[in-house]
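User: I'd like a close look at one part of this protein, please. Here is the entry.

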Amino acid sequence: MSVLTIRNCLDPVLRKKCDLIENIEESLVTLTDDMIETMYNATGVGLAANQVGISSRLIVVDLGFKDEQHNPITIINPVVTASEEEMIGQEGCLSIPEVYADIKRFQRVEVKGVDLNGKDVRLEVEGFLARAFQHEMDHLEGKLFWDMLGKVKRDMLKRKFKKMLKEMQE
Ligand SMILES: [Zn+2]
């Protein structure tokens, strides 16, 4: 397994809608392992394939870092099939480091997709896990969490991000 470079929000790959995965090839299994490793290395709770530059509909999610027990969930071609009740909560993104904002998401979602064996999966998730799924699935549509905010707030966060990026490069 290897740690991949996480693309930041200025990379156009994060603005492109990802492609459906038609065949589960060995390279996809390797990519998934690397994405999980990359997510742990960055202490994130989720990662979408386009965040490492691959425009395919694949996400990994794991809240396990909290209790140091890893339990990664991989879903290929995920779709939300049911949702209920909205909630506001703080959100960040590995592609927009150091920037956080309150974002409205569904409290509970049902997600369907397939796993690495090509088997259908159906998950019912809630709370922060539901938030993580919705966030990662937005990535597959080429969306970032600050797109949900008003322009004034978003521009403020963008300035914050660019300033942070500049400081990192100095
Ligand atoms: Zn993200």
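User: How many buried residues are there among the 19 residues of helix H3?

Analyst: Happy to help! This is a predicted model, where local features need pLDDT of at least 70, side-chain atom pairs count only at pLDDT 80 or more, and totals for chains, interfaces and linings use all residues. Residues are numbered from 1 along each chain as its sequence is written.

The count of buried residues in H3 is 1, leaving the helix hardly covered. Here, buried means that 20 or more other C-beta atoms, placed from the backbone, lie within 10 Å of a residue's own. For the chain, buried residues make up 31% of its 170 residues.

H3 spans residues 151-169 and reaches 27 Å from first to last C-alpha, close to the 27 Å expected (1.5 Å times one less than its number of residues). Helices are DSSP runs of H or I with at least four residues, strands E runs with at least two, both numbered from the N terminus.

For context, the chain has 3 helices and 5 strands, in the pattern α-β-β-β-β-β-α-α along the sequence. The strands form an open, antiparallel sheet in the order E1-E2-E3-E4-E5, where pairing requires at least two DSSP bridges between two strands. Strands E1 (46-48) and E5 (120-126) are at the edges with a single partner strand each, so one side of each lacks a neighbour in the sheet. Inside the sheet, E3 (residues 73-93) and E4 (residues 96-114) pair over 13 bridges; Ile76, for instance, has Val114 in E4 as its bridge partner.

Note on methods:
A residue is buried if 20 or more other C-beta atoms lie within 10 Å of its own, exposed if 12 or fewer, and partly exposed in between; C-beta atoms are placed from the backbone.
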